[in-house]
Amino acid sequence: MKLALDVDQDRLLAEIDALASISEAEPPVVTRVVFTHSDLKARAWMKARCEDAGLTLRQDAIGNTFARWNGSNTAAPAVGTGSHIDAIPNAGKYDGVVGVLGGLEAIRALQHSGFRPTHSIELLVFTAEEPTRFGIGCLGSRLLSGTLSPDAARKLTDKAGATVEEVRREAGMSGELEQVKLQPGYYKAFVELHIEQGPLLERQKIPLGVVTQIAAPASFRVSIEGAGGHAGGVLMPDRHDALCAAAELILAIETAGRTSGAVDTVATVGICEVFPGAVNSIPSRVQLSVDIRDTDLRRRDAVIVSMEQTSRAISARRQVSIHTDLLNADAPADCDPAIVEVLSESCRKHQFNFLPMVSRAYHDSLFMARIAPVAMLFIPCRNGYSHRPDEYAAPDDIARGVLVLAETLAALSR
Ligand SMILES: [Zn+2]
């Protein structure tokens, strides 16, 4: 069957703007942290759009939302697509949203064309892809895939000390977390459309990226405990300055990332909290956050080992204590070659140039890969900017991504 697909670009762009206006901050800034007022309002708005499209809605205990277009064989595994609509503070309007509203538009374009799927097609809106509130990214997909146990999820708290359990119930999510995990074989395939969040597609003027591997992050909290004192009174030979120790460690982590032998290795210290933080006081305590990513698990682990060795050396030399807590370390994922081929085939059919590439950012698909064959489709974003208000994806690029996504969902759901 030949599909004549009509992606309604104007409607999609209007919806992206409408969703962006549901924010804790003034436009163009989007701030939508999970289970806050704006997140709940955005969820309700999104559900109404799905109902308008005739989709059947289901919500699980953590708030993952499933909107299903029933296929002719409702017993067969579904074909999934989707992403997230939560946004970190001071973010833009495309991260995640392009995959959610783009997924919905792909379904509507297929409906409009007269296509009838055999396998159901399901739009999935994940809860809390961003780690802002509970300190762990992809909360929804971790629970769906069984990567995070319900017990471990219940122990998570936000900055105010509220537990996941309290916050989700307060937000109206009922049921038990034990019911969230999907049965094996629930999805025949899962495809996520997303902005690249990097500069490669734009730089090479290539409109689409077909993801073959998703890099895996490991993150740590490093606590350094030295000795404080008066900035005038304590002489240099007697000091155990926690911030100076941290500075050495930060540069060593950078070096370990730079010298791994592969461009796919990246290492970042994103937070440095200094105590007591006074101009005339020697820092006695520092907390760092460390994020190390790679597509290759062994190479990434080598950077971690190097960080730990350097910590011990600095600790001994400076007489400070350095304690490293592993927050999470996820394995990288390979995309499913068969889905990658379906995406590539659609690109070739339209003579859209595409780049096979690595996803260096964190995505729900990383976890969905544990329970389903997955693939991702990237579109360019201006300057590679993401997680900032001037994040931008061009309308034509979005529409092109939706078209390829729609054809891929059709091919997979036949
Ligand atoms: Zn995202």
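This note goes through the predicted model point by point, from the overall fold to single residues.

1. Overall make-up. The protein chain of this predicted model has 414 residues, and its secondary structure comes to 12 helices and 17 strands. Along the principal axes, the C-alpha atoms fill a box of roughly 80 × 45 × 40 Å. A compact globule with 414 residues would have a radius of gyration near 22 Å, and the chain agrees with this, because its value is 23 Å.

2. Interior and contacts. Of the 414 residues in the protein chain, 53% are buried. When contacts with a separation of 6 or more are considered, 78% of them link residues that are 24 or more positions apart, a figure worth keeping in mind when reading the residue pairs described below.

3. Surface and charges. The protein chain exposes about 17400 Å², and carbon and sulfur atoms supply 52% of this area. The chain carries 42 positive and 51 negative charges, and the mean positions of these two sets are 2 Å apart.

4. The zinc site. Which residues coordinate the zinc ion? The donors are H84 through NE2, D95 through OD and H194 through NE2, at 2.0 to 2.3 Å, and in sequence these donor residues follow the spacing H-x10-D-x98-H. H84 lies in strand β4 (residues 78-84), whereas D95 lies in the loop between β5 (87-91) and α3 (97-113), so the pair ties together parts that are 11 residues apart in sequence. Both H84 and D95 are buried.

5. The surroundings of F352. This residue sits in the loop between α10 (337-349) and β16 (354-359). Is F352 buried or exposed? F352 counts as buried because its relative accessible area is 18%, and the cut-off for buried is under 20%. Leaving out residues up to four places away in sequence, F352 touches L208, C347, R400, L403 and V404. One of these partners, L208, is 144 residues from F352 in sequence, yet the two C-alpha atoms are 7.5 Å apart in space.

6. Two cis peptide bonds. Most peptide bonds are trans, and it is therefore useful to look up the exceptions described here. A cis bond joins P27 and P28, with omega about 5°, and P28 is found in the loop between α1 (9-20) and β1 (30-32). Another cis bond runs from F275 to P276, with omega near 0°; P276 is in the loop between β11 (266-275) and β12 (281-282).

7. Two residues with positive phi. Most residues other than glycine have a negative phi. In C138, however, phi is positive, near 60°, and K205 has a positive phi of about 55° although it is not a glycine. C138 lies in the loop between β6 (121-126) and α4 (139-145), while K205 has its place in the loop between α7 (200-203) and β8 (208-214). As for their surroundings, C138 is buried because its relative accessible area is 0%, whereas K205 counts as exposed because its relative accessibility is 73%.

8. The loop residue R382. R382 is found in the loop between β17 (374-379) and α12 (395-413), and at 39% relative accessibility this residue counts as partly exposed. Apart from neighbours within four places in sequence, R382 is in contact with E202, D390 and Y392. How many residues separate R382 and R203 in sequence? They are 179 residues apart along the chain, with a C-alpha to C-alpha separation of 9.4 Å.

9. The loop residue A369. A369 lies in the loop between α11 (364-368) and β17, and its relative accessibility of 26% makes A369 partly exposed. Not counting residues up to four places away in sequence, A369 touches A333 and V374. The C-alpha atoms of A369 and P150 are separated by 19 Å, and these two residues are 219 residues apart along the chain.

Technical notes
Residues are numbered from 1 along each chain as its sequence is written. This is a predicted model: local features need pLDDT of at least 70, side-chain atom pairs count only at pLDDT 80 or more; totals for chains, interfaces and linings use all residues. Side-chain values use heavy atoms; hydrogens and water are left out. Donors are N, O and S atoms within 2.8 Å of the metal (3.2 Å for Na, K and Ca); water is not among the atoms, so sites may look incomplete. Helices (H or I, at least four residues) and strands (E, at least two) are DSSP runs, numbered from the N terminus. Buried means under 20% relative accessible area, exposed over 50%, partly exposed in between (1.4 Å probe, protein chains only). The radius of gyration is taken over C-alpha atoms; the globule rule is 2.2 Å times the number of residues to the power 0.38. Contact means heavy atoms within 4.5 Å. Accessible areas come from the Shrake-Rupley method with a 1.4 Å probe; for residues, only the protein chains shown count as cover. Lys and Arg count as positive and Asp and Glu as negative; His and the chain ends are not counted. The place of a charge is taken as NZ of Lys, CZ of Arg, CG of Asp or CD of Glu.
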